[in-house]
Number of protein chains: 4
Amino acid sequence: MMIMKRDATDEDIKRVIREIKVHGLKADVSRGDFRTVIGLVGDESKVPFDNFAIMPGVKEVVKIETPYKLISREYGRAADGLSGASKTIDIGNIHIGNGEPIIMAGPCAVENKKQLFMIAEAIKKAGAHILRGGIFKPRSSVHSFQGVGGSDRKSAEQALKWMRDAGKEYGLPVVTEVRGEDHVDLAAEYVDILQIGSRNMYNQDLLAKVGKKNKPVLLKRHFGAGIEEFLSFADYIAAEGNKDIILCERGIVPVGKGKEYTRYTLDLAAVPVIKKETYLPIIIDPSHSTGRRDLIFSMSCAAIAAGADGLMIEVHYNPQEAIVDGRQTITPGELQDIIKACRKIHSLVKPGVYA
Amino acid sequence: MMIMKRDATDEDIKRVIREIKVHGLKADVSRGDFRTVIGLVGDESKVPFDNFAIMPGVKEVVKIETPYKLISREYGRAADGLSGASKTIDIGNIHIGNGEPIIMAGPCAVENKKQLFMIAEAIKKAGAHILRGGIFKPRSSVHSFQGVGGSDRKSAEQALKWMRDAGKEYGLPVVTEVRGEDHVDLAAEYVDILQIGSRNMYNQDLLAKVGKKNKPVLLKRHFGAGIEEFLSFADYIAAEGNKDIILCERGIVPVGKGKEYTRYTLDLAAVPVIKKETYLPIIIDPSHSTGRRDLIFSMSCAAIAAGADGLMIEVHYNPQEAIVDGRQTITPGELQDIIKACRKIHSLVKPGVYA
Amino acid sequence: MMIMKRDATDEDIKRVIREIKVHGLKADVSRGDFRTVIGLVGDESKVPFDNFAIMPGVKEVVKIETPYKLISREYGRAADGLSGASKTIDIGNIHIGNGEPIIMAGPCAVENKKQLFMIAEAIKKAGAHILRGGIFKPRSSVHSFQGVGGSDRKSAEQALKWMRDAGKEYGLPVVTEVRGEDHVDLAAEYVDILQIGSRNMYNQDLLAKVGKKNKPVLLKRHFGAGIEEFLSFADYIAAEGNKDIILCERGIVPVGKGKEYTRYTLDLAAVPVIKKETYLPIIIDPSHSTGRRDLIFSMSCAAIAAGADGLMIEVHYNPQEAIVDGRQTITPGELQDIIKACRKIHSLVKPGVYA
Amino acid sequence: MMIMKRDATDEDIKRVIREIKVHGLKADVSRGDFRTVIGLVGDESKVPFDNFAIMPGVKEVVKIETPYKLISREYGRAADGLSGASKTIDIGNIHIGNGEPIIMAGPCAVENKKQLFMIAEAIKKAGAHILRGGIFKPRSSVHSFQGVGGSDRKSAEQALKWMRDAGKEYGLPVVTEVRGEDHVDLAAEYVDILQIGSRNMYNQDLLAKVGKKNKPVLLKRHFGAGIEEFLSFADYIAAEGNKDIILCERGIVPVGKGKEYTRYTLDLAAVPVIKKETYLPIIIDPSHSTGRRDLIFSMSCAAIAAGADGLMIEVHYNPQEAIVDGRQTITPGELQDIIKACRKIHSLVKPGVYA
């Protein structure tokens, strides 16, 4: 990255950008509280960094060693000063990061308008902040229900409208997963946050596509991905100029033999690790990681105690009735208990974690 | 699946198909050597199987218990009789499955026309059957080289033409990876086999897209996927009517601490397992799984000894010069030694494996 | 297990025990608050359960399906009534299980008397309950320091005396790891809790040996073990009549490629799972699982929030000076902060977790 | 290690050994074809290597960077000259390493004299070289059959005598697993090779105990261990002066979700890797790794093709009748087919692998 002097002129900045383009890369301009920093997008290996160091307005040239560069704390700190404050992503009057835990809740799969509105009302009352609902369901078998948006565009659009309307009705921003490239434009018209599911974390063409939208993105870690890979793929979104990225840990593939007590292994140490490595907020999905409603309370509390910025939880007014993933779905009443406990835990650990 | 009587009429078959559609599913019609079998595509849970059993021309209704149904040996056997012969995929005069090991070789990344033609000539001489070459490179970092097709459509098309022309020049069918949905139509115009890379195994929208093309598909197992998942996702391709699927094992995520001696853990037992579970050919990629050129000979021999139908190997006339993955790339001379050894091993194990 | 009637006589019980021995098994007699339950130790496959059902004093014969039987909640509940209270292990006036989190702290390796006493004093002041210290160090290389007890019996006994004396001086029960069978008798003379390290979890001869001692045992989960295996091996201790077993999760082998940000993956969902499956207390070791002192606070809080009964933490007055594992060792001051936060979190989650 | 000059005197060597002891370490004297090399056993961190370089008779002082030093190819090469020949372990007229594949076969568990003799005769006829049989069975549940040696010393000794006698009768060296430290002395009186099972790989006290016996040791890789750990623990045996170590890969913990098609993941790339890293022979156990008799042929062939020096296979004249692990046990007839195929494959790959 090229760290510009405080008094660097716009012309200085433009000159650096032009020079970066000469070498076939894109420039990422990050105007911080203290100074402007210009990151590189693309293959750095042939960039003559020394030449940049002597350009007018350039204070210092620093090579970021991690493969994730644009979301790294190092990059954020260069622009924002030593404090290196974490990013807060604002959606209406909801602020993700640096504040109280944000709770995203809702049905695993949107089934119909009535179901969605009933759940939206219930989670709002329980204290949740954002409505989640799956329309394009990624499923491990073509012989399973693929979500109401899985069949045709018209049904998908209908369901997206339900989401938008339920959000408006109850004052909840809404988030849904885009499973394929074809879904991005359509979903972006109706929802506030575009979610990339675990199975698509490595889908760099899809990441680039959502990166081009002017919407926050919720990126789930792939269940076979190390943390370094997770963050490297988040940089595909950032490389398109979109740094409103909410990271989400949702469990990694289980190791070891015998009975599976949980669907995945929830890697909670990823929370403090990712907060040190990046300036982005990180949330936890206790529903998919455990696959068991009786563990949601414990793992939600643990997540917040580990420093997570929020939770994504599957809620249904009647879990037994849910078409998909009823086994891991809780009731609005249970959600309310979790939110209360998490708020208290958050207030306790807040000062300690990074002091 | 609905197993039809030998003397079932076309009208009987059409009637069953119509009835399947009534329940919101698609029918997969498989005309075998012995009889026609009709598979179901979609959510079977609400299908009244008993009603089908008494329809004219229906011999028997069988529920396939595995989540992968259309590629299962059980399904293949129903149509082809007890022998349950494995499928042979024919591409020109190359036959994948049930015969001598098919060797796909070529550069990790296509760099330019000259490089590609030189390598094509060399691998042909070494005895390889199919030319591979990466044009749209999936990379773990946006800050790495993304392949000559990674930047713009024009360059991609240029490189695809090189592939087609090199294939014609040296009598080699060609295969390339399609990384995003936008690549499918374009690549299908120029290459003989469409490859889905490991990172996209879970990308069901991409799988459906290649399934609609009238081309064989090479599907790599995701490095975090169990075998059941791998086969279930292959069914997304088959569900579009395309059963010319070549499966490829390329290593799974390493377990355990300390130094990584190989990039991934090559799961060779997957070969006989998959041959029992499905009627599809399965090949091995020793290059990406080990990440070490000094292990390619051993693991290629081991793969063929385990019963693999072929290999996919990265070859460059000068591995040190390769832009991507030179560490795991071998020379044409080394390839020739491998092909010779593998042919002999194949002739030894052939009768034993499934006798 | 044979559930006896409330009014079963001693003679009824003895008759059942004799009959169990006739079939080559051992009997585990568990006298609960409500009734006596007799478990089986050994190969049940040839036991004629029906014969037992009609013996005098026998209320019911129940086959426990899990491979871990003697520590299962099902077994505990049969004796203790429906409430199925968890076990509390009492060591002096320390009570592990069902109460406030118990903190075991101390140096990774005991180095000398002065070091040990200084740390003991400091952790006592910080609020810890039990002193830990490694004397027989399991190491992954024969070319590393093996602990002061690693060389000869005399040094080992000397170090064990330091442990005992430090414990007395500061009112702290003490725990140390026994690495080989030869250490058990010796260590049992001096310490209050015998620890089995992760690497020895599968060492059934060592488990049987500590099971015969009349001392609580702290059993760490192997880093390659599933939960079912972990609990099954704990049954080797219980089978010797010793059910004062403290289970400890300390991280499982990492999955995935690239940089290791933590040494192991801490599986916190194991806490509520194990509390449902058994009646034993479970604690967490945030030191070995993360290998990073900057993560100890977060993961300790998360562990207690998940419902853990305690923590085992490496503490040194000067972490930089520690011979072994300084990177993951915290100061007494940091320990005090953790204990304070954990107590508060515990009081918050207590009612919620199992309500 | 201290590489001595060719003309170093015995006195030079003794002087170096004394100096090593002064620093609290043990010396490992390796007299090779070309020169004597003296290795260090213990914590090298405080050894003043420079002082040794100027001692009489010392040619060169080299620090081996791997944690496994005494079994490293680097150490072997220093003594044996540039060729760095691999070690051959001789047991009677059986030679393990550098020759045709050695087949160890026999029942999972020794059941009685007749069973053992019948199997011994059958495997001899099939072409096997060494008789295996489990007497002290490591089991994951205390509620399972623990082997005929599991109950008391007298039965164990009886079974060991059967092993010795069956070996003599049919001209087969014999190998059995020692599960606990108490078994070592007893078993060493009767068998030719002492086996350390997978679960005990990390049991360094047991490793040291077998290292002190003048018998070859067969060390199985733990299913949760990386290769570096595996080799590091083998050094615990070598450190006692015993370098007749046969390494054995037997599968690592499976990764990924869903149905387990094999019990473990057989890591065949470990074969060429370990042959490069050490001078020791490495064999494969296809029985425990797959857990399926229908995969033994394929995986045996693959193992030999990968360069393995031998196989360990469970055989029973009537697999259905076997008390333990019948599912993975083959018949003598199947063994014969495997041996024939493996010999041919071996002759094919021999020149290629390390040329």
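Trainee: Into which domains is chain A divided, and how far apart do their C-alpha centres lie?
Mentor: This is a predicted model. In chain A, domain 1 covers 2-63 and domain 2 covers 89-353. The C-alpha centres of domain 1 and domain 2 of chain A are separated by 35 Å.

Trainee: Which strands are the edge strands of the open sheet in chain A?
Mentor: The open sheet has four strands in the order E2-E3-E1-E4, with antiparallel pairing. On average, and with direction ignored, neighbouring strands of this sheet are turned by 25° against each other. Pairing on one side only marks the edge strands, which are E2 (26-31) and E4 (58-61) of chain A.

Trainee: Which residue of E3(A) is the bridge partner of Ile3(A)?
Mentor: E1 (residues 2-4) and E3 (residues 36-41) of chain A pair in the antiparallel sense over two bridges. The bridge partner of Ile3(A) in E3(A) is Val37(A).

Trainee: At what angle to E3(A) does helix H3 of chain A run?
Mentor: Helix H3 of chain A comprises residues 73-80. This helix lies across E1, E2 and E3 of chain A, and its angle to E3(A) is about 150°.

Trainee: How do the residues of the contact of H4(A) with H5(A) divide into nonpolar, polar and charged?
Mentor: H4 (residues 113-126) and H5 (residues 153-170) of chain A pack at about 30°, their axes being 10 Å apart. Among the residues making the contact are Leu116(A), Phe117(A) and Lys124(A) of H4(A), and Trp162(A), Met163(A) and Glu169(A) of H5(A). The contact residues divide into seven nonpolar, no polar and four charged.

Trainee: In which sense, left-handed or right-handed, does H4(A) pass H5(A)?
Mentor: Two packed helices are described by the angle between their axes and the distance between the axes. For H4(A) and H5(A), these values are about 30° and 10 Å. The crossing of H4(A) past H5(A) is right-handed.

Trainee: Which helix gives the most to the side of chain C that touches chain A?
Mentor: Chain C and chain A each bring 41 residues to the contact. On the chain C side, 24 residues are nonpolar, ten polar and seven charged. Helices H8 (227-238), H9 (270-277), H11 (296-305) and H12 (332-353) of chain C each supply at least two residues. With eight residues, the helix that gives the most is H12(C).

Trainee: Which residue of chain C comes closest to the rotation axis?
Mentor: A turn of 180° and a shift of 0.0 Å along the axis lay chain C on chain A with an RMSD of 0.0 Å. The two copies are thus related as by a two-fold rotation axis. They meet through the same surface, because 100% of the interface residues of chain C are also interface residues in chain A. At 2.0 Å (C-alpha), the residue of chain C that comes closest to the axis is Ala302(C).

Note on methods: Residues are numbered from 1 along each chain as its sequence is written. Chains are lettered from A and ligands numbered from 1 in the order in which they are written. This is a predicted model: local features need pLDDT of at least 70, side-chain atom pairs count only at pLDDT 80 or more; totals for chains, interfaces and linings use all residues. Axes are lines fitted to C-alpha atoms, for helices over the stretch in contact, and angles run from 0 to 180 degrees between N-to-C directions. A crossing is left-handed if the near helix is turned anticlockwise from the far one by less than a right angle, and right-handed if clockwise. Two residues are in contact if their C-beta atoms, placed from the backbone, lie within 7 Å. Ala, Val, Leu, Ile, Met, Phe, Trp, Tyr, Cys and Pro count as nonpolar, Asp, Glu, Lys and Arg as charged, and the others, Gly among them, as polar. Domain bounds come from an automatic or database domain assignment. Copies are superposed by least squares on the C-alpha atoms of residues with pLDDT of at least 70 in both. Two strands pair if DSSP finds at least two bridges between them.
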